[in-house]
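Reader: Hello! I would enjoy a close look at one part of this model, with the cut-offs spelled out as you go.

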Amino acid sequence: MGAAGSKLEKALGDQFPEGERYFGLENFGNTCYCNSVLQALYFCAPFREQLLEYYGNGKNTGDAEENLLTCLADLFTQISSQKKKTGVIAPKRFVQRLKKQNELFRSYMHQDAHEFLNFLLNELVDILEKEAQSVKSDPETSPPEKIANGPNHALANGVSKEPLVTWVHKNFQGILTNETRCLQCETVTARDETFFDLSLDIEQNSSITSCLKNFSSTETLNAEDKFFCDKCCSLQEAQKRMKIKKPPHILVIHLKRFKYIEQLGRYKKLSYRVVFPLELKLSNTVEDADIEYSLFAVVVHVGSGPNHGHYVSLVKSHNHWLFFDDENVEMIDESAVQTFFGSPQEYSSNTDHGYILFYESIGASNNKS
C-alpha cells in the first residue's frame, strides 16, 4: 500500500488538502460492507466534526464504558490524527464491538451495507439518548433541545416528554408525512414519521428524480385496501401519498437493488441503470420549495447476486473524487461516477452499481444548529 499511498499523494500533489487524511481500511474477511459505509460517514464533514467534537469534550473519560459510539469516535480520531497523509488502518476494535453487539454481523456471510448503516445510526442515537438521561439527573446540565412539533411521548404521570435531538438526528433525520384523503368526505388525515434514509423502489433506465416522484405518487386505496375514515366512521375509498415534510441536512438514499422473486423463492439483484446526479433538486416536499443537494459519497455493490459480492465507496473530498476499496485508495475522475449508475441491459459485464447515495444540502452547511 506504501506505493499506492504515495501514488495518491503524487496524484494530488500541491492540491493535497491541508490536514486531510486518506486511509484505506483493512478487511477482516467479509467486512467490506462496514468499511465502505465508514468511509462515506468519515467524509460526511458535519458528522465527522460533531463526532470528533463529542469525543474531544472528554465524554470518553477513563472509566467510560466502551460502546459502538466510543469505538467509532476512536477510529475517526485515529484516522484524523495520523502523521502520514495516506496509509491503511485496521478498524479492529470497531468491528469486534459491532460483532459483539449484533449477532447479525457475526457470521462470515455477505452482509448488507444498508442494514449496517441503519443499525449503526440507530445504535448511536440510543447511546446518546441513554447518556443524556443519565446526565439529566445532574441538575447543572441544561435541558435538551426540543423538536418542533415532534411527537410527544407521554409519561406515566401525565407529564409529556419531548424526544431528544442528538447531533445524529440533526445531520440525518428528516420527517415524512403520510397524507390520506377520504374520497367520501374529503377529510385529510396526516401522520408524520421520521427517517434516517429513504429506501426507493427502482425501475430500469430511470433516475433518482423519477424514483422520488414514484415514492411520493398518489395511491388509491380501494377494494380490500379501503381506509377507515374516522369522520365517516366506516371504510372508504381514499387517496394516499407520502411527502417530505422536513428534508434532512444529509439525505441518504438507498436504492432497493435486492428484490425478492416469488417464483425463484430468493432475492435477485436488479442491475438497473438508475442515474444519480451530482446535484439533486428535491421537489416532493410539503413546502414545494426546491431544496438542492450535492452528492458526496456512494456505496457501491459489486457483484451479480445478493448473497455474494463486494462493497466499495466513492467519496468527494475537497472537490476531488476518491475510490475506496478496503485497503486501497485512489483518485478517480468525476466523470467516472457515471459508470456506477447500473446496466441498461439485463446481462452485462459491469456489476458495480450505486447502492447507497449520500447527499448534503447546499447552502445549509452553516446551518448546523
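Where does N205 lie?

Author: Happy to help! This is a predicted model, in which local features need pLDDT of at least 70, side-chain atom pairs count only at pLDDT 80 or more, and totals for chains, interfaces and linings use all residues. Residues are numbered from 1 along each chain as its sequence is written, and side-chain values use heavy atoms, with hydrogens and water left out.

N205 lies in the loop between β7 (198-200) and β8; strands here are DSSP runs of E with at least two residues, helices are runs of H or I with at least four, and both are numbered from the N terminus. The phi of N205 is near 50°, a positive value in a residue other than glycine. For background, most residues other than glycine have a negative phi.

Next comes S206, in strand β8 (residues 206-207). S206 counts as buried because its relative accessibility is 9%; buried means under 20% relative accessible area, exposed over 50%, and partly exposed in between, with a 1.4 Å probe and protein chains only. Leaving aside residues up to four places away in sequence, S206 touches C211, R273, V274 and V275, where contact means heavy atoms within 4.5 Å.

V274 leads us to the nonpolar cores. A nonpolar core is a set of buried Ala, Val, Leu, Ile, Met, Phe, Trp, Tyr and Cys residues joined through side-chain atoms within 4.5 Å. The largest has 61 residues, and those with the most contacts inside it are F47, F116, F172 and F358. Helix α6 (residues 113-136) gives the most to this core, with 10 residues. V274 belongs to a second, separate core of 33 residues, which also includes L198, L212 and L255.

A loop residue elsewhere invites a look beside N205. D326 is found in the loop between β20 (320-325) and β21 (328-332), and the phi of D326 is near 50°, again a positive value in a residue other than glycine. D326 is buried, with a relative accessible area of 9%.

One more positive phi sits in a turn: β5 and β6 form a hairpin with five residues between them, and E186 in that turn has a phi of about 70°. Eight bridges join strand β5 (residues 174-182) to strand β6 (residues 188-195), and the two run antiparallel; strands pair if DSSP finds at least two bridges between them. Within this pairing, I175 has T194 of β6 as its bridge partner.
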